[in-house]
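Here are a few notes to help you find your way around this one. Keep the viewer open and follow along point by point.

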Amino acid sequence: MSLIPTWRRVAPTPGVVVAPDERLPWPQTVAMGVQHVIAMFGATVLAPLLMGFDPNVAILMSGVGTLIFFVIVGGRVPSYLGSSFAFIGVVIAATGYAGGGANANLGVALGGIIACGVLYTAIGLLVMATGTGWIERLMPPVVTGAVVAVIGLNLAGIPIKNMAPTGFDAWMQGLTFLCVAVVAVYTRGMTQRLLILVGLIVASLLYALLTNGLGLGKPIDASGIANAAWFGLPNFAAPVFDGRAMLLIAPVAIILVAENLGHIKAVSAMTGRNLDRDMGRAFVGDGIATMVSGASGGTGVTTYAENIGVMAATKIYSTAMFVVAALIAVLLGFSPKFGALIQAIPLAVMGGVSIVVFGLIAVAGAKIWVDNKVDFSDNTNLIVAAITLVLGTGDYTLKFGDFALGGIGTATFGAILLYALLGRRKA
């Protein structure tokens with residue numbers, strides 16, 4: 001099996017599907033790569049900011065991780081790897097991060113992320129050896145939908161409680177998510193697909209008008225952007241292997257498996273190709289990319305629904321455009337000026353965008369139920385979903401000595417165990 005595919009060049013024809021092993025002429029392929037960078041940009045930058053990570057390193061590692069994934073799956077699975085939101089809750093719990101600025105205990109989080117990558121890779125190797133049947137039995141759509149929804153619901157308190165320190169900031173959060181909503185509903189084409197990015201830009205301009213112009217809040221300080229160099233090394237960081245943090249963060253691998261399983265099934269359906277044989281390789285690629293990212297100071301990574309949405313809209317599934325997108329992300333990661341621009345975004349604006357993004361994650365879980373026609377007249381499905389949602393949203397925590405399993409973890413394992421127990425009646 002060749003690690004690098006040879007893409008067959010096809011002409012750009014409206015409405016015609018471009019398969020993973022095909023590509024458009026290179027100018028169009030580059031343009032599509034830029035579009036995928038923009039699609040992943042908002043969430044890939046937002047996640048590290050919420051955990052106190054350097055966004056430049058996160059962007060750089062998203063590009064490196066995508067290239068690693070591409071090589072390991074032999075270029076057969078079109079996907080982009082970006083910062084995973086599943087790590088936010090456990091990283092905050094492990095490091096005590098209070099929001100705003102750099103995370104003082106970043107190394108502890110990185111050690112946990114590497115441990116998660118090791119576990120994730122091991123699961124991938126097991127799937128490669130035994131097939132996907134046991135994963136699908138362990139995580140049917142009612143479980144994966146509940147787990148994805150819980151990620152968004154569990155994180156909802158972060159922007160509302162920690163990212164609006166003043167009354168003005170709270171109002172600014174509301175104005176921000178209103179900007180995103182208007183872009184989502186009243187625009188068309190590419191602008192609509194970039195609703196998070198466009199909404200963030202509009203809200204930042206309004207914030208600057210109200211603060212720098214009218215003096216209503218803390219003004220934006222652009223001096224860091226002016227003083228930053230165009231090119232330079234990002235702030236790499238070394239991991240610290242703390243047993244408690246590793247036990248807390250490593251189980252996120254189960255969440256990533258559930259998330260990635262749903263994403264690859266979606267891509268398989270859209271391309272008309274059975275990608276089950278590549279499922280294990282996809283898990284391994286994602287796991288190794290997460291380890292490499294954690295070893296460098298970046299966040300854990302996962303396949304991105306945002307980019308899957310772009311593929312669904314364009315019907316272009318060529319893996320060549322993801323190589324282009326990854327290389328662009330690597331270049332952005334080596335630009336301190338780009339990082340300074342991200343750091344200058346007001347906290348309240350990031351909070352308003354976070355409300356939208358976390359809500360979209362929660363709704364994505366519900367969409368898994370709808371798309372797979374989960375039958376909630378069946379009490380097994382009803383009870384599994386009901387308990388999982390409340391465990392995660394309420395941040396139900398179980399302690400084992402010094403180790404604490406937080407809401408997302410208890411909800412994930414609870415959903416799997418509940419379905420295994422209650423599903424026995426069907427068998």
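1. Let's start with the aromatic rings. This is a predicted model, and the ring-pairing rule gives 5 aromatic pairs in it. Take Trp-7 and Phe-70: their ring centres are 6.0 Å apart, within the 6.5 Å limit. Their planes meet at 35 degrees, so the pair falls between the stacked range (under 30) and the edge-to-face range (over 60) and counts as tilted. The two partners come from distant parts of the chain, 63 residues apart: Trp-7 sits in the segment before strand 1, and Phe-70 belongs to helix 2 (residues 55–72). Both Trp-7 and Phe-70 are buried. Add Trp-26 to Trp-7 and Phe-70 and you have one aromatic cluster.

2. For another geometry, look at Trp-369 and Phe-376. This aromatic pair is edge-to-face, with 5.2 Å between the centres and 80 degrees between the planes. Are the two partners buried or partly exposed? Trp-369 has 13% relative accessibility, so it is buried, while Phe-376 has 30% and therefore counts as partly exposed.

3. There is also a charge over a ring. The charged end of Lys-337 sits over Trp-230, 5.0 Å from the centre of the ring.

4. Next, the core. In soluble globular proteins, nonpolar side chains tend to be buried together. The largest nonpolar core here has 107 residues, and the members touching the most others are Phe-85, Phe-87 and Ile-88. Helix 1 (residues 26–51) is the top contributor to this core, giving 11 residues. If you zoom in on Ile-88 and set aside its neighbours within four places in sequence, you'll find it in contact with Ala-47, Leu-50, Met-51, Leu-155, Ile-158 and Phe-358.

5. How do helix 1 and helix 17 cross? The axis of helix 1 comes within 11 Å of that of helix 17 (residues 336–343), and the crossing angle is roughly 75 degrees. That angle lies in the 65 to 115 range, so the two helices are roughly perpendicular. On the helix 1 side, Phe-41, Val-45 and Leu-49 make the contact; on the helix 17 side, Phe-338, Ile-342 and Gln-343 do.

6. Two single residues deserve a look. Phe-177 is part of helix 8 (residues 167–186) and counts as partly exposed because its relative accessibility is 36%. Beyond residues up to four places away in sequence, Phe-177 touches Gly-352, Ile-355 and Val-356. Leu-391, in helix 19 (residues 379–393), is buried at 17% relative accessibility. With the same sequence neighbours left out, Leu-391 touches Tyr-396, Gly-407, Thr-410 and Ala-411. From Leu-391 to Thr-412 it is 21 residues along the sequence and 9.1 Å in space, C-alpha to C-alpha.

7. Finally, check the backbone at two spots. Which value does phi take at Lys-373? It is near 50 degrees, a positive value in a residue other than glycine. Lys-373 lies in the loop between helix 18 (347–371) and helix 19 and is exposed, with a relative accessible area of 71%. Asp-395 is not a glycine either, and its phi is positive at about 55 degrees. You'll find Asp-395 in the loop between helix 19 and strand 5 (398–400), where it is partly exposed with a relative accessible area of 41%.

Methods:
Residues are numbered from 1 along each chain as its sequence is written. This is a predicted model: local features need pLDDT of at least 70, side-chain atom pairs count only at pLDDT 80 or more; totals for chains, interfaces and linings use all residues. Side-chain values use heavy atoms; hydrogens and water are left out. Helices (H or I, at least four residues) and strands (E, at least two) are DSSP runs, numbered from the N terminus. Buried means under 20% relative accessible area, exposed over 50%, partly exposed in between (1.4 Å probe, protein chains only). A charge sits over a ring if NZ of Lys or CZ of Arg is within 6 Å of the ring centre and within 35 degrees of the ring normal. A nonpolar core is a set of buried Ala, Val, Leu, Ile, Met, Phe, Trp, Tyr and Cys residues joined through side-chain atoms within 4.5 Å. Contact means heavy atoms within 4.5 Å. Axes are lines fitted to C-alpha atoms, for helices over the stretch in contact, and angles run from 0 to 180 degrees between N-to-C directions. Angles under 35 degrees count as roughly parallel, over 145 as roughly antiparallel, 65 to 115 as roughly perpendicular and the rest as oblique.
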